[in-house]
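I opened the model to look up one sheet and the helix packed against part of it. My notes follow in the order I made them.

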Amino acid sequence: MLTQQRRNNINTVLLLLLFPVILLGLVWLFLVLTAYFGGGYYDDYGNLVRSVDLEEVNYMFVTTIPIVIIVVGIWFTIAYFSNTYMIRHATGARPLERRENPRIYNIVENLCMTCNMPMPKINVIDDPMLNAFASGIDKNSYTVTVTTGIMNRLDDEELAGVVAHELTHIRNKDTRTLIVSIVFVGIFSTIVSLAFRLIWNNMLFGGGNRRDNKNGGASTAVILLIAAILAAVGYFFALLTRFAISRKREFVADAGGAELCGNPLALASALRKISSAPGLGNVERADVAQLFIIHPKKLAQGISSFMNSLFSTHPDTEERIRLLEQF
């Protein structure tokens with residue numbers, strides 16, 4: 001178990017390093033393409049000749065790096081520390097008082113004492129369907145959130161298995177890792193949306209494009225299109241990285257939860273019940289939905305299994321149950 005956790009942590013660090021590498025790589029490529037389409041001259045035969053001065057591009061890249069780091073750093077910091085509000089707003093969660101449901105409090109307290117960890121906050125979502133998730137970046141914000149449906153329809157052992165799974169996410173700092181990946185993916189997503197919006201506005205109102213093209217330079221629309229395409233590529237690879245992080249963590253959390261609650265069959269039974277009615281399907285933010293113990297299935301039936309596994313934030317539930325039953 002500890003070996004798997006260490007291996008997962010190393011893989012996660014490597015995956016997270018890809019985010020700034022992808023971002024800076026795309027910034028450099030953007031400078032190359034804009035230099036190529038933005039420059040050029042006409043030869044004696046009237047043909048447009050384009051070229052790229054890599055020394056100039058690299059100089060612009062080096063001078064641009066601090067600006068990119070500062071902007072992304074501020075963006076990341078604000079999003080990172082506002083994650084608690086973001087998740088509560090997206091899911092409709094609210095704090096659960098002990099007097100409202102002492103049963104869930106007793107289960108969480110007993111499991112926390114078993115693994116010697118501070119007790120996280122407990123939130124509840126008023127939803128008759130079944131789901132749960134862990135969130136937070138430190139001991140002051142770590143939270144286990146459950147639906148009213150999961151508390152009412154699972155027995156004590158099954159509920160303990162689910163809570164143990166979520167506590168394992170917190171112990172392994174999975175929630176912090178996922179918040180980091182969510183923020184980076186959100187950055188790329190916002191850039192894509194902004195670039196395409198600017199392209200649309202430029203197409204509607206125009207301005208100076210003919211003159212730019214006549215001189216061999218790139219129009220504003222072309223530059224924005226380059227930015228949008230590169231940001232979309234970055235968004236795609238950032239999504240794949242986020243999905244890989246999430247899938248790996250679920251298997252480890254299942255194993256850790258089974259070990260913590262001491263009853264892997266109870267967790268397997270809970271997953272089977274949850275998979276039949278996962279709920280929280282009204283959560284519109286896919287990045288928040290990946291925190292759930294089982295993601296609501298929204299993919300169309302005709303999608304191939306390869307695409308399903310490629311773009312899934314969770315491993316196959318039946319496979320998770322099979323492994324738990326062999327634990």
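These entries go from the sheet to the helix, then to one residue in that helix.

**Entry 1: the sheet.** I am working with a predicted model. I looked up the strand order first. The sheet is open and has four strands, in the order β3-β4-β6-β5, with mixed pairing. I then asked which strands stand at the edges. They are β3 (94–95) and β5 (132–135). Each has a single partner strand, so one side of each has no neighbour in the sheet.

**Entry 2: pairing around β6.** I checked both partners of this strand. Strand β4 (residues 121–125) pairs with β6 (residues 143–147) in the parallel sense, over five bridges. On the other pairing, β5 and β6 run antiparallel and are joined by four bridges. I noted the general background too: strands of a sheet pair through backbone hydrogen bonds, either parallel or antiparallel.

**Entry 3: residue register.** I picked out individual partners next. K121 stands opposite T143 in β6. V124 stands opposite V146 in β6. From β5, S135 has T143 as its bridge partner. T143 therefore appears in both pairings, opposite K121 and as partner of S135.

**Entry 4: burial of β6.** Which way do the side chains of β6 point? T143, T145 and T147 point one way, while V144 and V146 point the other way. All of them are buried. With five of five residues buried, β6 is largely enclosed by the rest of the structure.

**Entry 5: helix α6.** I moved on to the helix. Helix α6 (residues 156–171) lies across β5 and β6 and runs at about 20° to β5. I checked its length. At 1.5 Å a residue, its 16 residues should span 22 Å. The end C-alpha atoms are 22 Å apart, which agrees. I also looked at burial: 13 of the 16 residues are buried, so α6 is largely enclosed by the rest of the structure.

**Entry 6: ends of α6.** At the start, a side-chain oxygen of D155 comes within 3.1 Å of the backbone nitrogen of E157. After the helix comes K173, with a positive phi near 60°.

**Entry 7: E158.** I looked up one residue of α6, namely E158. Is E158 buried or exposed? Its relative accessible area is 4%, so E158 counts as buried, the cut-off being under 20%. What does E158 touch, leaving aside neighbours within four places in sequence? The contacts are R153, A266, S269, A270 and K273.

Technical notes:
Residues numbered from 1 in each chain as written. Predicted model: local features only at pLDDT ≥ 70, side-chain atom pairs only at ≥ 80, totals over all residues. Heavy atoms only, no water. Pairing = 2+ DSSP bridges. Helix = DSSP H or I, 4+ residues; strand = E, 2+ residues; numbered from the N terminus. Contact = heavy atoms within 4.5 Å. Axes fitted to C-alpha atoms, helices over the stretch in contact; angles between N-to-C directions. Expected span 1.5 Å × (residues − 1). Buried < 20%, exposed > 50% of the residue type's maximum accessible area, 1.4 Å probe, protein only. Polar contact = N/O pair within 3.5 Å; in protein donor to acceptor, adjacent residues only side chain to side chain.
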